[in-house]
Amino acid sequence: MDIARKINGFRRFLMRQMTKNIGSRSCCKGLSNNPNVIKRVLICRPNHRLGNLLLITPLLQEINAMFPEAKIDLFGKGFLAQTLFKNYEYVDNIFVLPKKAFDHLFEYFKVWFAMRRQHYDIVINVDCNSSSGRLATQFSDSKYRFFGDASQFNLLRHDDDEHIAKYPVYNFRAFLSQVDSK
């Protein structure tokens with residue numbers, strides 16, 4: 001078991017090193033938060049844990065409030081996302097990666113290419129430390145990409161920003177405010 005932990009730790013380190021510069025030079029000139037412009041949104045959170053999936057619900061609600069006509073797709077892992085978000089009428093497609101990619105390699109690549117076939121106005125990576133999320137954001141067919149890097153926008157501190165469900169919402173708001181000011 002100790003060897004498996006070391007291998008997993010090395011894998012995480014290697015993936016972070018390989019993906020740390022993805023999205024570092026992203027530019028979103030011309031993006032407007034006009035509700036009629038944004039029609040399709042993809043949210044990337046490739047994690048199968050219940051808590052991590054529940055923490056994106058405030059972001060879903062924020063996007064629905066800002067862009068009420070937009071359809072939102074989710075890119076996740078494990079089949080729990082389908083159960084959690086089936087009653088959200090503004091959630092359109094849920095792309096689900098299998099939990100164990102090497103055991104289901106064909107299904108794994110099938111999901112990546114199904115996501116790639118869709119065109120999005122904006123793609124949002126929820127967790128800036130997620131290598132898979134950064135790769136999915138880069139790989140998607142989108143006009144605009146937000147990689148979740150809060151440091152890029154010099155975020156103002158909020159009184160209630162300790163809760164990790166609010167990070168993606170505040171980061172996305174800061175992203176839109178920076179885009180509007182350009």
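The second largest pocket in this predicted model has a volume of about 250 Å³. Its lining is made of 13 residues. Five of them lie nearest the centre of the pocket: Val126, Asp127, Ile164, Tyr167 and Pro168. Which helix gives the most to this lining? Helix H7, which spans residues 167-181, does so with three residues. Sorted by class, the lining holds seven nonpolar residues, four polar ones and two charged ones. How can such a space be found at all? Rolling a probe the size of a water molecule over the atoms reveals where empty space remains.

Now step back to the whole chain. Seven helices and five strands make up its secondary structure. Follow the sequence from start to end, and the pattern reads α-β-α-α-β-α-β-α-β-α-β-α.

Next, look at how the chain packs. It has 182 residues, and 42% of them are buried. Take the contacts with a separation of 6 or more: 59% of these come from residues 24 or more positions apart. On the outside, the chain exposes about 10700 Å². Carbon and sulfur atoms supply 53% of that area.

How far does the predictor trust each part? The average pLDDT of the chain is 78. A score of at least 70 is reached by 76% of the residues. Where is confidence lowest, and where is it highest? Helix H1, residues 2-19, sits at the low end with a mean of 70. Strand E1, residues 40-44, sits at the high end with 92. Predicted coordinates should not be read in detail where pLDDT is low.

How values were computed:
Residues are numbered from 1 along each chain as its sequence is written. This is a predicted model: local features need pLDDT of at least 70, side-chain atom pairs count only at pLDDT 80 or more; totals for chains, interfaces and linings use all residues. Side-chain values use heavy atoms; hydrogens and water are left out. Helices (H or I, at least four residues) and strands (E, at least two) are DSSP runs, numbered from the N terminus. Buried means under 20% relative accessible area, exposed over 50%, partly exposed in between (1.4 Å probe, protein chains only). Contact means heavy atoms within 4.5 Å. Accessible areas come from the Shrake-Rupley method with a 1.4 Å probe; for residues, only the protein chains shown count as cover. pLDDT is the predictor's confidence in each residue, from 0 to 100. On a 1 Å grid over the protein atoms alone, a cavity is a set of points where a 1.4 Å probe fits but cannot get out, and a pocket is an open set with protein on both sides within 12 Å along at least five of seven lines; lining residues have an atom within 4 Å of a point. Grid points are joined across faces, edges and corners, and a volume is the space filled by probe spheres set on the points. Ala, Val, Leu, Ile, Met, Phe, Trp, Tyr, Cys and Pro count as nonpolar, Asp, Glu, Lys and Arg as charged, and the others, Gly among them, as polar.
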